[in-house]
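User: Hello! I am new to this structure and would like to get to know it step by step. Could you show it to me and take a few questions?

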Amino acid sequence: MKKAHYYTGILNAVQEPILVFDRELRIVDRNEAAEKAFGEDPAAIRDCPCHHETRGPAPACAKTGGACIIRQVFETGRFARAIRRHPQPDGSPMWEEILASPVRNEEGGIEYVVEELRDLTDILRHRSLVKE
């Protein structure tokens, strides 16, 4: 198995959407789950300035009161986690956990940030029903 195919296989084996960002905060890679989640042609989300752009009218993190965790990881070099609320096409809220990790080059500098997205909507809805 060739090395590139090996790593692509690992990335695509993950069932949650994964996006890879460069220092300009543009998507440079993604897994198949991200393609399915965004319902886009794979080429359409490549070089997109932020995954929020792929969700339609969702505002940028700063406009929703949250800091950009991609930028945070580039600045601190450490893992970051956030929970965000996004509108779905029908107007109902979607809650998403965002996990971001640095990808370092041979010299130890941060070259990319890998972001995993987890849809928490059903889990939170279920919790609220259990509490009632």
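Analyst: Happy to help; the questions and answers below go from the whole chain to single residues, and the model is a predicted one.

User: In which order do the helices and strands of the protein run from the N terminus on?

Analyst: Let's begin with the parts: the protein has five helices and five strands. Written from the N terminus on, the order of these elements is α-β-β-α-α-α-β-β-β-α.

User: What share of the residues counts as buried?

Analyst: A residue is called buried when its relative accessible area is under 20%. The protein has 132 residues, and the share of them that passes as buried is 36%.

User: How much surface does the protein expose?

Analyst: Carbon and sulfur atoms supply 51% of the exposed surface. The whole of that surface comes to about 8500 Å².

User: Is glutamine 72 buried, partly exposed or exposed?

Analyst: Glutamine 72 sits in helix α4, which spans residues 69-76. The range between buried and exposed goes from 20% to 50%. Because its relative accessibility is 33%, glutamine 72 is classed as partly exposed.

User: Which residues does glutamine 72 contact, leaving aside its neighbours within four places in sequence?

Analyst: A contact asks for heavy atoms within 4.5 Å. With those sequence neighbours within four places set aside, the partners of glutamine 72 are Gly77 and Ala80.

User: How far is glutamine 72 from valine 113, C-alpha to C-alpha?

Analyst: Along the chain, glutamine 72 and valine 113 are 41 residues apart. In space, their C-alpha atoms are separated by 9.9 Å.

User: Which residues does proline 102 touch, not counting those up to four places away in sequence?

Analyst: Proline 102 belongs to strand β4, residues 93-104. It is partly exposed because its relative accessibility is 25%. Arginine 78 lies 24 residues away in sequence, yet the C-alpha atoms of proline 102 and arginine 78 are 6.6 Å apart. Without residues up to four places away, proline 102 touches Val73, Gly77, Arg78, Phe79, Ile110 and Tyr112.

User: What geometry does the aromatic pair of tyrosine 6 and tyrosine 7 have?

Analyst: The structure holds one aromatic pair. In this pair, the rings of tyrosine 6 and tyrosine 7 are 5.1 Å apart, centre to centre, with 70° between their planes. Planes over 60 degrees apart fall in one class, so the pair is edge-to-face.

User: Why does tyrosine 7 count as partly exposed?

Analyst: Its partner tyrosine 6 is partly exposed, with a relative accessibility of 41%. Tyrosine 7 counts as partly exposed because its relative accessibility is 48%.

Note on methods
Residues are numbered from 1 along each chain as its sequence is written. This is a predicted model: local features need pLDDT of at least 70, side-chain atom pairs count only at pLDDT 80 or more; totals for chains, interfaces and linings use all residues. Side-chain values use heavy atoms; hydrogens and water are left out. Helices (H or I, at least four residues) and strands (E, at least two) are DSSP runs, numbered from the N terminus. Buried means under 20% relative accessible area, exposed over 50%, partly exposed in between (1.4 Å probe, protein chains only). Accessible areas come from the Shrake-Rupley method with a 1.4 Å probe; for residues, only the protein chains shown count as cover. Rings of Phe, Tyr and Trp (its six-membered ring) pair if their centres lie within 6.5 Å; planes under 30 degrees apart count as stacked, over 60 as edge-to-face and the rest as tilted.
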